[in-house]
Amino acid sequence: MEDQIKELFQFLRDQNPQVRRIALSNLVGQTAKESPYRHIFLQGIQGSGLQKPQESDVVRDLKLLCRDQLATAHDAFRALVNLSDSTFLVPFLVEQLFLTYLVSYILNPDAILADLAAMLLSNITASTSACSALLTLKVPLVTLTPSVSSQVSYYTPHSRSGTCPAPVPYPSGEPQEFLALPLLVDAFVQGASLDQSEDKSKRARRGDLHFLSSVFANISTSPVGRLFFVTPRPTDPMKPDSALEYPLAKILPFTEHQDTIRRGGVASTLKNCAFHSPAHKAILSPETVLTPVPPSTVAAPGIDALPYILLPLAGPEELDLEDQENLPPALQFLPPTKKREPDPVLRLTHVETLLLLCTTRWGREYMRTHGVYEIVRGAHLEEAVDKVSEHIERLVQFIKGEEDPEITDDNVVATKSEENAEFPDEEDYRIEEV
């Protein structure tokens, strides 16, 4: 059987598109993690001793077939998604030419397989080397004439393929290079604004791009990645003179999106950014307050993250008028149909984010006066998962604890109730990047 599978490899380069399609359709099932023949696709790329790993013919063919006609390109993307959990394969997927194609393809609103491409990018960015490459990647764009019906004002020349044809007439402008990550953030936002019931061929973007949220979560696990999300950038990546905005502020509204992947990736990105304590003031401040992230002095409207953290934890409970007044406006007088986040992992992520924001005195003081206790009190009463309940209890000790008057350092956590608290297992309370 193994020899028969290997014999199919040669047909991936056949001049007949039907032959390529049939060969790949018989191979893609063997790339799954549970397949006994999966190792065949990874042979020859591990390297040995001082010998550098070499890209195998089949990996090179799969990358090229991502540009083929619809059925073939679909199976090629699927195969690479299945294989991309191998650390041996990642260096060949972050190679400059392929990474530029992959990102350009995702950015193109007409790309039919953009969601599969986003899934592949999500898997690739589990590697730190891929995150580093994406943070500095620039993609060529050609500016298009603004259109009332389109939110996208550019064309990505490197996305041209069988599933993403060039526009007619072809734009006449010269390509200019732009940082890829701000463009991916905008594409992610545009993907969520789609009418799910509408025919995909009539949408502004063919893809939902939910998996880009996992890309952002992966990137934000590194200090450099966090800085991207909490550094003011032009609202329009193609107009350097446009108003400044924190990239994190653009994705926060999706913490209550109906898609679990999207809201989970956004929640993880926010949590990872909360590890950067100098950004806490910008993360919590309202949009009406221009706030820098030290040591930078460049200010932008506050991210106003608190409502987006608390909404998934809020339920339909009725609060006293005095308690309602403490809440951010978005949480006041919620309807009786309001439901909490159903996924316990995401509920825990939001509570951990609040705990991280408690590591600065300014953060604790802000949350005390903006209704955090009132929301988590109700969440604790309804919580059925012990680990989430324990983290809420720890959060309450921070918020209700009395501050030590001798401690003024904003980066020191010290409340009298916290100092006196005893926890049976500190590992249970350790917050890790996701």
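This is a short tour of a predicted protein model, going from the whole chain to one enclosed space.

Residues are numbered from 1 along each chain as its sequence is written. In this predicted model, local features need pLDDT of at least 70 and side-chain atom pairs count only at pLDDT 80 or more, whereas totals for chains, interfaces and linings use all residues.

Begin with the whole protein in a cartoon view, where the secondary structure comes to 21 helices and seven strands; helices (H or I, at least four residues) and strands (E, at least two) are DSSP runs, numbered from the N terminus. Of its 434 residues, 50% count as buried, that is, under 20% relative accessible area with a 1.4 Å probe, protein chains only.

Next, colour by pLDDT, the predictor's confidence in each residue from 0 to 100. The average is 89, and 88% of the residues score at least 70. Select helix 10 (residues 212-219), which has the highest mean pLDDT among the elements, 98, and then helix 21 (residues 416-420), which has the lowest, 39. Over residues 412-426 the pLDDT is below 50.

Finally, select Pro182, Val185, Asp186, Phe228, Arg233, Pro234, Pro237, Glu245, Pro247 and Lys250, which line the largest cavity. A cavity is a set of points on a 1 Å grid over the protein atoms alone where a 1.4 Å probe fits but cannot get out, and lining residues have an atom within 4 Å of a point. Helix 9 (180-192), strand 4 (233-234) and helix 12 (247-251) each give two or more residues to this lining, and helix 9 supplies the largest share, three residues.

Notes: Heavy atoms only, no water. Contact = heavy atoms within 4.5 Å. 1 Å grid on protein atoms, 1.4 Å probe; cavity = no way out; pocket = protein on both sides within 12 Å on 5 of 7 lines; lining within 4 Å.
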